[in-house]
Structure formats: structure tokens, C-alpha cells
Amino acid sequence: MNTLRPAARRASAAGLALAACLTASPAVATALPATDRDRATTATGATGAGLDRYYRQRLDWGTCLKGPDDTMGRDLEKAGVRCADVTVPLDYADPRGRTITVAISRLKATDTRRRIGSILLNNGGPGGTALESPPDVRKAMKRVGPRYDIIGFDPRFVGRSTPLDCGWPVGTSIASAGLGRASFERQVALHKSLADKCRATNASVLPHVSTRNTARDMDVIRGTLGERKISYLGYSYGTYLGTVYTQMFPGRYDRVVLDGALAPQDYGPRLLQGAEDANERALSGWAAWAAERDAAYGLGRTRAEVLATVDRVYAVSARDPLTVGTAPDVFRIDDTQVPFLLIAGVADDSEVERAAFGEQVSVLARAAEGRPTRLSPQFAAMLRRALTGGESQSGSVQSAIICGDRAAPRDTEVYWRDIERSRAAHPLFGPLTNNIGPCAFWDRPREEPTQVRRDAPALIVAATGDPRTTYRSSVALHGMLPSSKLITLKGANRHAVYGLYGNACVDAEVNTYLATRKLPVHDRTCVKQTG
């Protein structure tokens with residue numbers, strides 16, 4: 001569940017084949033000078049198990065620019081960000097074996113006299129990049145920003161880190177089972193083929209793609225930066241990663257902000273299971289908004305009429321896939337894909353995003369009537385990412401992480417029964433949230449899921465109408481971490497808030513915590529700003 005930070009939307013996941021073997025370059029593996037080595041030894045804590053050479057490696061900071069067409073690298077260069085590769089073991093149980101690299105970026109503190117430390121960023125996904133994020137986060141942090149070294153990183157096998165790409169024909173494994181058994185059976189065949197492609201191309205690394213290994217990489221990053229403790233800002237899935245880090249490495253974190261928080265029990269192969277009500281409320285809220293703008297979108301004059309149009313689009317797509325776009329961007333969209341597009345469109349109730357979603361649904365409605373359609377560049381890019389193989393790496397690594405974290409039911413009938421049971425209450429979204437995925441055909445994870453057994457004084461941020469990681473899930477995580485505090489944004493159907501939604505109350509609460517390390521005395525409620 002990616003937060004879709006604006007810079008991240010612009011960045012394209014690189015579709016690179018996984019290198020057969022990577023070894024540490026001399027610049028990375030060289031021992032630190034004596035003074036830095038002493039600092040790093042203190043900072044790493046007890047490493048042992050042959051891991052010291054990773055914690056003590058010297059990072060070769062340099063340009064983030066990868067070539068003349070690297071827009072992201074050019075933007076980072078202008079902002080003063082530097083990049084480096086951190087060498088980590090593929091398998092932490094075999095630290096002398098094969099290595100991979102994790103790409104990181106750093107925007108150094110400018111208020112060095114009052115420097116607090118380093119803060120590590122994760123934008124969610126799983127499989128989302130954050131290498132590009134330090135300049136955006138520096139702006140969000142306002143006056144406290146210059147006191148931090150802001151560290152972006154692409155987790156193992158993501159973005160500019162050692163890549164994993166299974167050569168999928170699609171960019172995501174998230175889809176609906178559709179309206180009948182035949183479409184479900186096509187989904188079973190598709191997801192088995194996706195798992196088979198990953199096993200055929202990346203069998204040697206798949207056992208090591210997991211959140212727990214990413215957390216281990218984070219601790220190596222902390223050590224290479226010479227920090228005794230590191231702060232953390234995570235969105236969406238990044239809140240699960242942050243929680244895992246607090247459980248695996250207690251005493252090695254400083255300030256922790258978890259925005260759009262996900263309770264561990266809600267994270268698994270069917271990522272959106274349990275979020276049906278929240279997505280239906282978000283869709284209904286958007287429908288009321290669109291009804292007030294019927295002249296622009298032509299979807300209906302009332303909320304009920306707009307929702308009826310959505311239902312009609314879904315039904316027509318099951319009988320005959322919708323044809324949208326003009327050459328070269330022409331797509332066929334059926335009942336397994338329409339619910340995905342709807343869920344993708346309701347994660348943000350800002351005016352700009354609601355308008356973009358209105359245009360997209362208008363295109364689908366015209367296609368359902370057999371009328372010709374034109375796609376906005378934004379919608380065309382979204383369909384290319386989801387429905388073609390151009391973003392195979394993104395979908396591959398997202399599934400590899402999820403499937404490497406938690407086992408899924410193997411019996412296809414389990415999914416079908418859940419789908420059929422869900423139809424009465426959630427006819428549109430139930431067949432998506434309960435659908436089968438590649439994890440049903442994946443090898444079992446090497447490690448059990450992380451259990452929350454330690455308290456952590458984190459600051460949790462949650463919107464009451466979050467359709468991705470539900471408010472209920474954030475409240476549940478808050479209950480599991482008794483020392484945490486919860487900042488609630490009331491009245492917003494929005495996934496990920498701090499620094500992204502423009503709510504002054506939320507932003508101020510987070511920045512005060514980052515500046516002082518003092519959590520609010522009590523949980524706080526902020527209200528969605530209107531106008």
C-alpha cells in the first residue's frame with residue numbers, strides 16, 4: 001500500500017534483471033579510520049555473527065544522477081542530496097555468502113549545532129521507493145527539518161537496490177475475482193503463472209525477501225551512519241516495517257512516526273481484507289461529490305445515481321471487456337480490473353484527486369455505453385503500470401515481500417467460499433479483497449511473522465476514513481503499544497496524512513514530537529480542514 005508521494009508517482013520502477021552475484025566493492029568494504037571505527041562499534045551495538053564488516057563499512061557518498069535522462073537523480077542533485085549503496089548479506093544466517101546492495105540517499109542536516117540525528121524513511125508498498133523523498137520530507141518537517149540527516153532508502157530488491165523482476169505481464173497482482181466462477185478460475189491460473197515466473201527467475205533470492213530482512217538492513221544502515229539510535233517515518237506498509245524494527249531492535253530507535261498504521265494481524269497476502277466498509281464509505285463520499293458536478297462528469301445527479309452508474313460499468317465489463325483509449329494506449333478492462341481501478345481512486349478525498357477519479361470513471365462509463373474514449377495522461381500511465389509488464393519489477397517485489405512474510409491458504413476453494421460469502425454485503429469490493437493471489441502458490445516463508453511483545457513509544461497518525469490501512473487497524477496497533485500516542489484526523493477519507501494532506505494540526509503535532517521527542521500527554525484529535 002503505497003502512499004503515492006508526488007515524487008514517487010513520477011518515479012518509475014526500473015525493470016532490471018537480478019544480477020547473478022554481487023560482491024562488495026572496495027569502496028564499500030574498506031574498514032573505517034580508527035576514530036570512525038570506534039564510533040561505529042559503539043553505534044552498532046552487539047552485532048556478532050560475522051556481521052561487523054557490514055556495520056563498519058564505509059559508504060561512498062556521491063551523485064544520485066544515473067544518466068542524462070534521470071529526472072529523479074537531477075532533482076535530488078539540485079536539492080543537495082547524495083546517494084550511496086549499502087552492502088548487506090542476502091542471507092543473514094550466512095553473512096560470508098552472497099551480498100546485495102541497498103540504495104540510500106541523504107540530505108544532511110544544516111543546523112549542525114542542534115543536530116538531532118538521522119531519520120529513515122519508508123513510503124509503504126510493500127515495494128515502494130523512498131530514495132527520492134528527503135527533499136519532500138525536509139519541507140514537511142518545517143523548522144525541525146534542518147536538524148536531521150534525512151535518509152531515504154529503497155528496500156532490498158526495490159528501485160535502485162539490487163533488483164528483483166519476475167518478468168510479469170502485469171504490474172500488480174491485486175485484482176478482483178469478478179462476477180462469476182469462470183473469471184475466478186482465470187484468476188487462479190493467472191496467479192499460479194505469476195508465482196511460477198518468480199520461482200523460475202529468482203528462486204535463489206525469494207527466501208530472503210521479507211520484512212524481517214529489510215528491518216535487518218535498516219539496522220545495518222543505522223550502523224553505517226554511525227548512529228546509536230535512528231529515528232523513523234513510515235507510511236502505510238512502512239508502519240508495519242517500523243513496528244517490526246522496534247520489536248527486533250529494541251533500544252536502537254529514537255523517534256518513530258507511523259502514519260496510516262497497520263496492526264500486524266491485518267498484514268498478509270490478502271492486504272485489503274477487512275477494508276471493504278472503509279472503501280465503500282470512501283466511494284460513497286466521492287459519489288456525493290461527483291453528483292454535485294454532474295455537468296462535468298455526467299455520472300448522475302444524486303449519490304445513488306452515481307453509484308448505480310458504477311455498478312452498471314462493473315456489470316457491463318463482466319459481459320464484454322470495456323475498450324478505453326486511443327492508439328497507442330488502448331486497453332481492455334474487465335470485471336476483475338474495474339474494482340481495482342475504483343479502489344485505487346478513492347484513497348484521497350482532496351479536490352484534485354477526486355476530480356481525476358471523476359474523469360476516470362467518466363471514461364469507463366462512456367466505454368460501457370460503447371462510446372469512444374480518450375484517456376488523460378495520468379489515467380493512461382496508471383493503466384500501463386497496472387495492466388502491462390512495464391512495471392513488472394514493482395508488482396514482483398511487492399508480492400515477493402508479502403508472500404515471504406506470511407503464508408497464504410493453498411486451497412483455492414477457501415478463496416472461492418470467502419468471495420461468495422462476501423458478495424451479499426460487499427458485491428463490488430468483496431471479490432477483490434478476498435481474491436486469490438500469487439502467495440497461494442508460493443513456498444512457505446522461512447521465518448514466522450513478527451509478534452508484538454515489546455512496547456514502543458511511537459506516534460501513530462490515522463484518518464478516520466482511511467480506505468487502505470483502516471482506522472480500526474491503527475487503533476489496534478495503538479492498543480498493542482501502550483506507550484504510543486494516537487493522532488486522529490477526523491472526517492478525512494485519506495490514506496497517509498503527515499506532510500501530504502496539508503492538515504496543519506497533524507503536521508504540527510508530528511513536528512513537535514520530532515523536535516522534542518515528547519509525545520502528547522493524551523491522544524489528540526484533529527479535524528479535516530475545509531475550504
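1. Which backbone oxygen does the side chain of Arg270 reach? In this predicted model, the side chain of Arg270 comes to 3.0 Å from the backbone oxygen of Asn434. Arg270 is placed in the loop between β6 and α10 (276-291), and because its relative accessibility is 15%, under the 20% cut-off, it counts as buried. Leaving aside residues up to four places away in sequence, Arg270 touches Pro409, Val414, Tyr415, Asp418, Thr433, Asn434 and Asn435.

2. A second residue of the loop between β6 and α10, Asp266, deserves a look alongside Arg270. The side chains of Asp266 and Arg472 form a salt bridge, with an N to O distance of 3.4 Å; since Arg472 belongs to helix α19, the pair ties together parts that are 206 residues apart in sequence. Asp266 counts as buried at 18% relative accessibility, whereas Arg472, with a relative accessible area of 45%, is partly exposed.

3. The sheet comprises 9 strands, is open, and follows the order β1-β2-β4-β3-β5-β6-β9-β10-β11 with mixed pairing. Its edge strands, each of which pairs on one side only, are β1 (82-89) and β11 (524-527). On average, and ignoring direction, neighbouring strands are turned by 20° against each other.

4. Within this sheet, strands β6 (residues 253-259) and β9 (residues 459-463) run parallel and are joined by 3 bridges, and Leu258 stands opposite Ile460 in β9. Helix α9 (residues 237-248) packs on the sheet, where it touches β3 (117-122), β4 (148-154), β5 (230-235) and β6, and its direction makes about 150° with that of β5. Helix α19 (residues 471-480) also packs on the sheet, touching β6, β9 and β10 (485-490), with its direction at about 160° to that of β9.

5. Helix α8 (residues 211-224) has 14 residues and spans 20 Å from its first C-alpha to its last, close to the 20 Å expected at 1.5 Å a residue. The helix is mostly covered, with 13 of its 14 residues buried, and just after α8, Gly226 adopts a positive phi of about 75°.

6. A search of the whole structure finds 31 salt bridges. In one of them, the side chains of Arg156 and Asp217 meet at 2.7 Å, N to O; because Arg156 lies in the loop between β4 and α7 (181-202) and Asp217 in helix α8, this pair ties together parts that are 61 residues apart in sequence. Both Arg156 and Asp217 are buried.

7. Glu369 and Arg371 also meet through their side chains in a salt bridge (2.8 Å, N to O), and here Glu369 is partly exposed at 49% relative accessibility, while Arg371 is partly exposed at 43%. Elsewhere, salt bridges that share partners join Lys192, Asp196, Arg199 and Asp443 into one network.

Conventions:
Residues are numbered from 1 along each chain as its sequence is written. This is a predicted model: local features need pLDDT of at least 70, side-chain atom pairs count only at pLDDT 80 or more; totals for chains, interfaces and linings use all residues. Side-chain values use heavy atoms; hydrogens and water are left out. Two strands pair if DSSP finds at least two bridges between them. Helices (H or I, at least four residues) and strands (E, at least two) are DSSP runs, numbered from the N terminus. Axes are lines fitted to C-alpha atoms, for helices over the stretch in contact, and angles run from 0 to 180 degrees between N-to-C directions. Contact means heavy atoms within 4.5 Å. Buried means under 20% relative accessible area, exposed over 50%, partly exposed in between (1.4 Å probe, protein chains only). A polar contact is a pair of N or O atoms within 3.5 Å; within protein, one must be able to donate a hydrogen and the other to accept it, and residues adjacent in sequence count only if both atoms are side-chain atoms. The expected span of a helix is 1.5 Å times one less than its number of residues. A salt bridge is a side-chain nitrogen of Lys or Arg within 4 Å of a carboxyl oxygen of Asp or Glu.
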